[in-house]
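Me: I have a structure open before me and would like to learn, slowly and carefully, how to read its helices. Could you take me through a few features?

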Amino acid sequence: MRPIRPKAYNGKRGEMMTIKTQGKYAFTKEIDLLDFSRRSIRFLEMSVPPLSGHSLRVAYLARALAEALGFGEGLSRRVILAALLHDLGIFFIYKVKGLYDEVHRLAQKELDEVEEGVGSELAHCVMGERILAETKVMAHLAPLVRLHHPRDNERDLATFESLSPEERTGACAVALSDAVARSLAKRRLELMPSSAALAEIFDEVGRSSPGYFLLQASRDGLIEALRSVLSQKSLFVDIRSEWYMDEVLRSRHGHPSSIGVEELTGVVRVFVKYMEARSPYTAHHTRLTTLFAQAMVSRLGSLSLEEVAEMTLASWFHDLGKMLIPLSVLHKKGPLSPEEWSVMKEHSYSHYIFFGSMEPLKRAVFWGACHHEKLDGSGYPWGLKGHQIPLAGKILAVADVASALLEERPYKEPLSFGEALKVLESEVRRGLLDGNCFGLLREAATELGIDERMTFKEVSALWAEEEKAA
Ligand SMILES: [Fe+2]
Ligand SMILES: [Fe+2]
Ligand SMILES: [Fe+2]
Ligand SMILES: [Fe+2]
């Protein structure tokens, strides 16, 4: 691929953001959305352990149904993807004591404004629909996700009727797979249900589904196909093994498709939305770090457009691992104990184990994981030294520290931009951070009018303006 040089930053507000849009279709990545979704769901489920494995089981059941009914490859993939992501909304409104009560209340309020009468139980369907609809490349899954707990109301009926006959079959397959997975989980998952238990399962599904939905499902032969799927002992062995289910989905249904960089960034930004739900300060920090890093890279002017875009992805990823840190540590008021610090230090590496082996994202994921490496080798997770650290990692390290120092954290007071620069300078002098990258930050800040007295709020407002202008 021919590298395209990004336009040099000329000091005008909004200019640095053109780098993102210039590249709209400048290059694409071959991404297997199924692979990316499997990894993402596993990551999200790790952060909310009670849900672990449910999405994969629903996807596996949906796959078995699709196979039994002879769905074409396109519909099969769509059904499997929607089944994998069907409970995505839960992660954005999942109710946990303390901070989450507030987040949950806000999410509910947001949903009420868009659509009246969505009870908290079913809010996750609408939340999942909205999140996917915003990603463009996964928007086609949104109605199937919305309808995974179909309700007997006008809104769901209208959504259902707006679908093509094929999509309606797909929506039924996803919802039935979820209902059956939930029914099975109430019993012993690994046991093949007796005919009495099977009758109970179908009864439960029947009671919780509206008439229009059941009519379509039986017309399409889904109920009969489900009976035949559930009559196989092998299925109950399969659903005990997450590794096996993963393997089947990957090897039989994996299929890379070309995705433009903007669409890809849109998909990865879903994680920033997730941070907003779980740890708002981590989301703000990620935004500010990304914007600092973008400004610094623009000053550099020597990276290819692809590298610039990957730098943005690296920054979106860099603190994603914090979502796996217990909130009692992540949001602890006051200093962390040595044990808590050791848990906290895992965060720069955690996203790497989920996404680092995914070829098209490999470089960005690695760069993101390098943001706590230090030039003298005292950093983590690998203890890389000087030249072993990629330039993007060095840039991110400076952007990350600058933004962290500006912020108010549960365990520290915020600094002004000038005070933050002094700390950064001393880290450069001590041979921890790269002096050239520090210079890039100073230049970018001067040209953007960031004053040394400015606080996090003022700097964030400035960057927000930049983002809007772009
Ligand atoms: Fe659900
Ligand atoms: Fe579910
Ligand atoms: Fe970090
Ligand atoms: Fe960070």
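Reply: What follows goes from a single helix to one residue and then to a pair of helices. This is a predicted model, in which local features need pLDDT of at least 70 and side-chain atom pairs count only at pLDDT 80 or more, while totals for chains, interfaces and linings use all residues. Residues are numbered from 1 along each chain as its sequence is written, and side-chain values use heavy atoms, with hydrogens and water left out.

Me: How many of the residues of α4 are buried?

Reply: Buried means under 20% relative accessible area (1.4 Å probe, protein chains only). In α4, 11 of the 13 residues are buried, so this helix is largely enclosed by the rest of the structure. Its cover includes α2 (33-47), α3 (54-68) and α10 (165-186), where contact means heavy atoms within 4.5 Å.

Me: Is R63 buried or exposed?

Reply: R63, which is found in helix α3, counts as buried because its relative accessibility is 6%. Leaving aside neighbours within four places in sequence, R63 is in contact with I80, V248, L249, R252 and H253, and I80 is one of the buried residues of α4.

Me: At what angle do the axes of α18 and α24 cross?

Reply: Angles under 35 degrees count as roughly parallel, over 145 as roughly antiparallel, 65 to 115 as roughly perpendicular and the rest as oblique. The axes of α18 (residues 280-300) and α24 (residues 391-406) come within 8 Å and cross at roughly 135 degrees, and the two helices are therefore oblique to each other.

Note on methods
Chains are lettered from A and ligands numbered from 1 in the order in which they are written. Axes are lines fitted to C-alpha atoms, for helices over the stretch in contact, and angles run from 0 to 180 degrees between N-to-C directions. Helices (H or I, at least four residues) and strands (E, at least two) are DSSP runs, numbered from the N terminus. Buried means under 20% relative accessible area, exposed over 50%, partly exposed in between (1.4 Å probe, protein chains only).
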